[in-house]
Amino acid sequence: MSLQPGTGSSGFSPQPNYAGRPLAPAPGVSTPELLIAKIRGRRPVLFLSALVLIAVAAAAGYFFDNLPAPLENWMLLTAAAVVILLLVFLPFLAWRAHVYTITTRRVIERSGLFVTRRRELAHVRGYSVQMRRGPIQRLAGSGTLILSNGVDPPMRIARVPKVALIHEVLIDQVEVNQILAHRDGQTPPEA
């Protein structure tokens, strides 16, 4: 047994400590929300953007000072800048703006470049977790998670690295949060 901060007279309550598991908070004590993982998907879009960036840089370097008579270098650089803005920079911003955050209390989806959209699923309310993996995803160790609480549209998290581990963590968080909510909802025995 080990001691953990609690609500007793000494501030500690004895609870068993199992190896690798964090201690449960004392009844009635709120737990801090801790970050478990941040996930961003759609990396193949960035791969294509990187190829476009390399091709535009090579073409601009090759044609700089080698353009036909009616065209000038500033036109080439402007066209290269527009292509880089549309096919490299904006996809990067879109990838960067879509993030899934998993904490000890909830799963948060945040997306949008100019107008931010936010969705949350609380672990304590419960939801189902489905894992889908294709043959190539199995080789890469990634997959897709679908979280559904039966009320809202399902939250689909695509291209999750280490999908089996994240799947297990989400199931554990739902179970732990429901156990803690049930325990805190019980009336304490009269002494």
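The following exercises, each with a worked solution, examine the predicted model shown above.

Residues are numbered from 1 along each chain as its sequence is written, and side-chain values use heavy atoms, with hydrogens and water left out. Because the model is predicted, local features need pLDDT of at least 70 and side-chain atom pairs count only at pLDDT 80 or more, whereas totals for chains, interfaces and linings use all residues.

**Exercise 1. Confidence**

Determine where in the chain confidence is lowest and where it is highest.

*Solution.* The quantity to consult is pLDDT, the predictor's confidence in each residue, from 0 to 100. Its mean over the chain is 85, and 85% of the residues reach 70 or more. The lowest confidence falls in strand 1 (residues 2-5), at a mean of 42, and the highest in strand 7, at 96. Over residues 1-14 the pLDDT is below 50, yet this stretch has 31 contacts in the model beyond near neighbours in sequence; a contact means heavy atoms within 4.5 Å. Where pLDDT is low, the predicted coordinates should not be read in detail.

**Exercise 2. The sheet of four strands**

State the strand order of the open sheet of four strands, and explain why one side of strand 3 and of strand 6 is left without a neighbour in the sheet.

*Solution.* Strands (E, at least two residues) and helices (H or I, at least four) are DSSP runs numbered from the N terminus, and two strands pair if DSSP finds at least two bridges between them.

1. The order is 3-4-5-6, with antiparallel pairing.
2. Strand 3 (35-39) and strand 6 stand at the edges with a single partner strand each, so one side of each has no neighbour in the sheet.
3. From one strand to the next the twist averages 15°; angles run from 0 to 180 degrees between N-to-C directions, and axes are lines fitted to C-alpha atoms, for helices over the stretch in contact.
4. Strand 4 joins strand 5 through four bridges, and the two form a hairpin with two residues between them. Here Ile-102 stands opposite Val-107.
5. Strand 5 (residues 106-111) joins strand 6 through six bridges. In strand 6, Leu-121 is the bridge partner of Val-107, and Ala-122 stands opposite Arg-106.
6. Five residues separate strand 5 from strand 6 in their hairpin, and Gly-112 in the turn has a positive phi of about 115°.

**Exercise 3. The sheet of three strands and helix 4**

Identify which strands of each sheet helix 4 meets.

*Solution.* The open sheet of three strands has the order 7-8-9 and antiparallel pairing. Strand 7 and strand 8 (residues 142-148) pair over five bridges, and Ser-148 in strand 8 is the bridge partner of Ser-128. Helix 4 packs on this sheet, touching strand 7, strand 8 and strand 9, and its direction makes about 25° with that of strand 8. Turning to the other sheet, helix 4 (residues 163-185) lies across strand 3, strand 4 (99-103) and strand 5, at about 140° to strand 3.

**Exercise 4. Helix 1 against helix 2**

Decide whether helix 1 is roughly parallel or antiparallel to helix 2.

*Solution.* Two packed helices are described by the angle between their axes and the distance between the axes. For helix 1 and helix 2 the angle is about 170° and the axes are 9 Å apart. That makes helix 1 roughly antiparallel to helix 2, as angles over 145 degrees count as roughly antiparallel, under 35 as roughly parallel, 65 to 115 as roughly perpendicular and the rest as oblique. The contact includes Leu-46, Val-52 and Phe-63 of helix 1 and Leu-76, Ile-84 and Trp-95 of helix 2. Its residues divide into 16 nonpolar, two polar and one charged.

**Exercise 5. Individual residues**

Establish whether His-123, Asp-65 and Lys-162 are buried or exposed.

*Solution.* Buried means under 20% relative accessible area, exposed over 50%, and partly exposed in between (1.4 Å probe, protein chains only).

1. His-123, in the loop between strand 6 (117-122) and strand 7 (128-132), is buried, with a value of 0%. Among the residues that His-123 touches are Thr-103, Val-107, Leu-170 and Asn-177.
2. Asp-65, in the loop between helix 1 and helix 2 (73-97), is exposed at 59%. Asp-65 has a positive phi of about 65° although it is not a glycine.
3. Lys-162, in the loop between strand 9 (155-161) and helix 4, is exposed at 60%. Lys-162 has a positive phi of about 50°, again without being a glycine.

Key: Ala, Val, Leu, Ile, Met, Phe, Trp, Tyr, Cys and Pro count as nonpolar, Asp, Glu, Lys and Arg as charged, and the others, Gly among them, as polar. Lists of a residue's contacts leave out its neighbours within four places in sequence.
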